[in-house]
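I opened my notebook to get to know a structure that was new to me. Here is what I looked up, entry by entry.

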Amino acid sequence: MGGRWKLPILIRLSDCKKRFGELKRIIPNITERMLTLQLRELERDGLVIRTVYHEVPPRVEYELTPVSSALIPICLQLDEWGAKHKDVHLGISSTLIP
């Protein structure tokens, strides 16, 4: 679960399926390349399901697997802990939850 962006991606997928463009819009400061790389790694690790719909234009949706859904409460606890202790790293705020 290394990588700066994996937890924010998982948190954003916790409520429903999302398309790539939606994820890009709701995760500030992530580049398209980094989002693509992180989604591929999450899919490879069995934490995200990528569904391709064969239509014009092509549509791809991402959703959590049952395994990663079980991680969400832990991710939220980590975010809460980080918010409480952010003064240790001045100027850094939570990036998991908008």
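**Entry 1: a term to start with.** Before reading any residue, I wrote down what the exposure words mean: buried is under 20% relative accessible area, exposed is over 50%, and partly exposed is in between. I tried this on Met34, which has 30% relative accessibility and therefore counts as partly exposed. Met34 lies in helix 3. I also noted that what I am looking at is a predicted model.

**Entry 2: the overall layout.** I counted the elements next and found 5 helices and 3 strands in the protein. Reading along the sequence, I got the pattern α-β-α-α-β-β-α-α. The protein has 98 residues, and 29% of them count as buried. Its exposed surface comes to about 6500 Å², with 58% of that supplied by carbon and sulfur atoms. I then looked at contacts in the protein with a separation of 6 or more, and 48% of them are between residues 24 or more positions apart.

**Entry 3: helix 1.** How many residues of helix 1 are buried? I found 7 of its 8 residues buried, so I noted helix 1, residues 6-13, as mostly covered. The buried ones are Lys6, Pro8, Ile9, Leu10, Ile11, Arg12 and Leu13. I was pleased to see a lysine and an arginine, Lys6 and Arg12, on that list.

**Entry 4: the nonpolar core.** I reminded myself that in soluble globular proteins, nonpolar side chains tend to be buried together. Here the largest nonpolar core has 18 residues, and Ile9, Leu13, Leu23 and Tyr62 have the most contacts inside it. At least two residues of this core come from each of helix 1, helix 3 (32-44), strand 3 (59-64) and helix 5 (72-84). Helix 1 gives the largest share, 4 residues. I followed Ile9 a little further: leaving out residues up to four places away in sequence, Ile9 touches Ile27, Ile30, Leu35, Gln38, Leu39 and Leu42.

**Entry 5: Lys18.** Is Lys18 buried or exposed? Its relative accessibility is 8%, which is under the 20% cut-off, so Lys18 counts as buried. Lys18 lies in strand 1, residues 18-19. I listed what Lys18 touches, not counting residues up to four places away in sequence: Arg12, Leu13, Leu23, Ile26, Val60, Glu61 and Tyr62. One of these, Val60, is 42 residues from Lys18 in sequence, while their C-alpha atoms are 8.5 Å apart in space.

**Entry 6: Glu63.** My next stop was Glu63, in strand 3. Glu63 is partly exposed, because its relative accessible area of 23% falls between the 20% and 50% cut-offs. Beyond its neighbours within four places in sequence, Glu63 is in contact with Lys17, Leu47, Val48, Ile49 and Thr51. I also checked Glu63 against Asp15: they are 48 residues apart in sequence and 9.1 Å apart in space, C-alpha to C-alpha.

**Entry 7: back to Met34.** I did the same check for Met34 and Gly3. The two are 31 residues apart in sequence, and their C-alpha atoms are 9.9 Å apart in space.

**Entry 8: backbone details.** I noted that most residues other than glycine have a negative phi, and most peptide bonds are trans. Which residue has a phi near 70°? It is Asn29, with a positive value in a residue other than glycine. Asn29 lies in the loop between helix 2 (20-26) and helix 3. With a relative accessible area of 69%, over the 50% cut-off, Asn29 is exposed. The peptide bond from Val56 to Pro57 also went into my notes: this bond is cis, with omega near -5°. Pro57 is found in the loop between strand 2 (48-53) and strand 3.

**Entry 9: cysteines and rings.** I looked for disulfides and found 0 in the structure. I looked up Cys16 and Cys75 as well: Cys16 is partly exposed at 39% relative accessibility, whereas Cys75 is buried, with a relative accessible area of 2%. A search for aromatic pairs also gave 0. One ring still earned a line in my notebook: the charged end of Arg59 sits over the ring of Tyr53, 3.8 Å from its centre.

Definitions and conventions:
Residues numbered from 1 in each chain as written. Predicted model: local features only at pLDDT ≥ 70, side-chain atom pairs only at ≥ 80, totals over all residues. Heavy atoms only, no water. Buried < 20%, exposed > 50% of the residue type's maximum accessible area, 1.4 Å probe, protein only. Contact = heavy atoms within 4.5 Å. Areas by Shrake-Rupley, 256 points an atom, 1.4 Å probe, with all protein chains shown as cover. Disulfide = S-S within 2.5 Å. Phe/Tyr/Trp six-rings, centres within 6.5 Å; stacked < 30°, edge-to-face > 60°. Lys NZ or Arg CZ within 6 Å of the ring centre and 35° of its normal. Core = buried A, V, L, I, M, F, W, Y, C linked by side-chain atoms within 4.5 Å.
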